[in-house]
Amino acid sequence: RCLSLIKSTKFLNAYITVAEETALKQAEESEKRYRRGQPLGVLDGIPIAVKDNFNTAGIETTCASNMLKGYISPYNATVVQKLLDQGAVLLGKTNLDEFAMGSGSTDGVFGPVRNPWSYSRQYKEKSVPKSHSEDKDSNWVITGGSSGGSAAAVSSFTCFAALGSDTGGSTRNPAAHCGVVGLKPTYGLISRHGLIPLVNSMDVPGILTRCVDDAAVVLGSLAGHDPKDSTTIQDNFKPFELSNLPDVSKLSIGIPKEYHAPGLSSEILALWSKAADLFKNAGAKVIEVSLPHTRYSIVCYHVLCTAEVASNMARFDGLEYGHRSDMNKSTESMYAATRREGFNDVVRGRILSGNYFMLKQNYENYFIKAQKVRRLIANDFVKVFGSGVDILLTPTTLSDAVPYTEFIKEDNRTRSAQDDILTQAANMAGLPAINVPTALSERGLPVGLQFIGRSFQEKQLLTVAKWFEKQVKFPTIQLEEVKRHDHGVFQHQKSASFL
């Protein structure tokens, strides 16, 4: 059913590669184990998708770039291997911004991803074409990024869970726009081995599912030490089950005033305060808190992000793997031509910025200073959590998803600076954060709120998220285009867990 749905939702452009043969083979093996009563784990037989910047043995890994088009990795990323060891069925690789640099999933070489909600009855009833002549096909909205393909895949029922990556909000942002749960775990809880790096000190594999319980199950399968990644925790991770009757009455919920950012839509502001009231009415303590250095965080993030990008992208030189230019006048000209042909403007721009910040005369003024500010940002969170606050409640995005035609009017850097503003501070501090779909906007599009927890306190974070999910009862997407092809899939509630 998932494979046939992938075909009928091809117009969303959520997948770059569909591994149909492998998936059917894996499903067959799973079926045999199921009949013998010997499943490999809770995920046995569950269809999943993986963002195309995780290495997969035998399946192309492109990072949506010309540089890696056709590249087949000799090994699986640790997270992919863990899913396969549990018996999960890998359907394919999902679309993204090139090398995960962007917040719209519009900048990859395979074209933009379309938000499934653009084709939902909820959105269609609310959106009126500006004129009769307006092509209704130009009315679609973006998924957010950079894990837009994974979010669209989960949202459109083509898989039950998907992996994204989260460096500055790349899992939570598309989760908010596509009406799904997006979890960014604590830095070091899940291995990054085999995730093609963007910013080593902030990258975290992210989890996208249709409900909080599912996110907890996937986390349980992925978390823990990996000898191949020295940044993972040494302790053993014990998978946990979330209570069916979570209690939030003894909790203290912090509302950071700095997240009342310029450009925050009045709709999201109203939802944010409504959510705070829900906690208050349930007996939780809701207090305003301050994270004073948050306002410097996006500038600081830009310096650190581009500096690490410049370093990470140096490996793509046309010699070992990936694209190689035909230019053969000299090694230097081959390098230059390879990188010009292999990277788009966005990636080249970030490499140039990063190299500028890393120049000997700029290193102290930019890179070192940004690292110091990063420490201040992290300390703000430590102080707030040290004062007795358990969880922070914030918006995830400034507004609901914008139409593609609007989105591309601004350049990638401007867009990313706006769209990451509420999410990237959690990456700077390495904290766990989750987007929970909350309501539909006036335009019939999903809006989510973000919960940020203490380091390695995923259980508490997910318990609160589950309680909140139960209160808001986010509606099921009514995907009319798909409904014509497959009625059965809609018999299940959107939040029905795969357990």
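Helix 9 and helix 12 cross with a left-handed sense. The model is predicted. Helix 9 also packs against helix 11, with the axes coming within 7 Å. Elsewhere, helix 8 packs on helix 16 at an angle of about 105°. A search of the whole structure finds zero disulfides.

**Helix 9 with helix 12**

- Helix 9 spans residues 297–312 and helix 12 spans residues 360–386.
- Their axes come within 9 Å and cross at roughly 130°.
- The two helices are therefore oblique to each other.
- Helix 9 contributes Ser-297, Cys-300, Val-303, Leu-304 and Ala-307 to the contact.
- Helix 12 meets them with Tyr-366, Phe-367, Ala-370, Gln-371, Val-373, Arg-374 and Ile-377.
- By class, the residues of this contact divide into nine nonpolar, two polar and one charged.

**Helix 9 with helix 11**

- Helix 11 covers residues 345–358, and its axis crosses that of helix 9 at roughly 100°.
- An angle of 65 to 115 degrees counts as roughly perpendicular. Helix 9 and helix 11 are therefore roughly perpendicular to each other.
- On the helix 9 side, the contact is made by His-302, Val-303, Cys-305, Thr-306, Ala-307, Val-309 and Ala-310.
- On the helix 11 side, the residues are Arg-350, Ile-351, Ser-353, Gly-354, Asn-355, Phe-357 and Met-358.
- The residues of this contact comprise eight nonpolar, five polar and one charged.
- Val-303 and Ala-307 of helix 9 meet helix 12, and both also take part in the contact with helix 11.

**Tyr-301 in helix 9**

- Tyr-301 is found in helix 9.
- Tyr-301 is buried, with a relative accessible area of 8%.
- Along the chain, Tyr-301 and Ala-370 are 69 residues apart, yet their C-alpha atoms are separated by 7.7 Å.
- Ala-370 is one of the helix 12 residues that meet helix 9.
- Leaving aside neighbours within four places in sequence, Tyr-301 is in contact with Thr-167, Gly-168, Met-202, Asp-420, Gln-424 and Met-428.

**Helix 8 with helix 16, and Asp-247**

- Helix 8 is residues 266–281 and helix 16 is residues 458–472.
- Their axes lie 11 Å apart.
- Helix 8 and helix 16 are therefore roughly perpendicular to each other.
- Ala-275, Leu-278 and Phe-279 represent helix 8 in the contact.
- Helix 16 supplies Val-464, Trp-467, Phe-468, Gln-471 and Val-472.
- This contact has seven nonpolar residues, one polar and no charged.
- Trp-467 has a second link: its C-alpha atom and that of Asp-247 are separated by 7.5 Å. The two residues are 220 residues apart along the chain.
- Asp-247 sits in the loop between helix 7 (212–222) and strand 7 (252–256).
- Asp-247 counts as partly exposed, at 47% relative accessibility.

**Cysteines**

- Cys-63 is in no disulfide. The nearest cysteine sulfur, that of Cys-305, is 14 Å away.
- Cys-305 is among the helix 9 residues in the contact with helix 11.
- With 1% relative accessibility, Cys-63 counts as buried.
- For Cys-159, the closest cysteine sulfur is in Cys-2, at 6.8 Å. That is too far for a bond, because a disulfide needs the two sulfur atoms within 2.5 Å.
- Cys-159 counts as buried, at 0% relative accessibility.

**Backbone in the loops**

- The peptide bond from Gly-145 to Ser-146 is cis, with omega near 5°.
- Ser-146 belongs to the loop between helix 4 (121–126) and helix 5 (148–155).
- Ala-100 has a positive phi of about 65°, although it is not a glycine.
- Ala-100 lies in the loop between strand 3 (89–94) and helix 4.
- Ala-100 is buried, with a relative accessible area of 7%.
- Phe-157, also not a glycine, has a positive phi of about 70°.
- The loop between helix 5 and strand 4 (161–166) holds Phe-157.
- Phe-157 counts as buried, at 5% relative accessibility.

Technical notes:
Residues numbered from 1 in each chain as written. Predicted model: local features only at pLDDT ≥ 70, side-chain atom pairs only at ≥ 80, totals over all residues. Heavy atoms only, no water. Axes fitted to C-alpha atoms, helices over the stretch in contact; angles between N-to-C directions. Helix = DSSP H or I, 4+ residues; strand = E, 2+ residues; numbered from the N terminus. Parallel < 35°, antiparallel > 145°, perpendicular 65-115°, else oblique. Left-handed = near helix turned anticlockwise from the far one by under 90°. Contact = heavy atoms within 4.5 Å. Nonpolar A, V, L, I, M, F, W, Y, C, P; charged D, E, K, R; others polar. Buried < 20%, exposed > 50% of the residue type's maximum accessible area, 1.4 Å probe, protein only.
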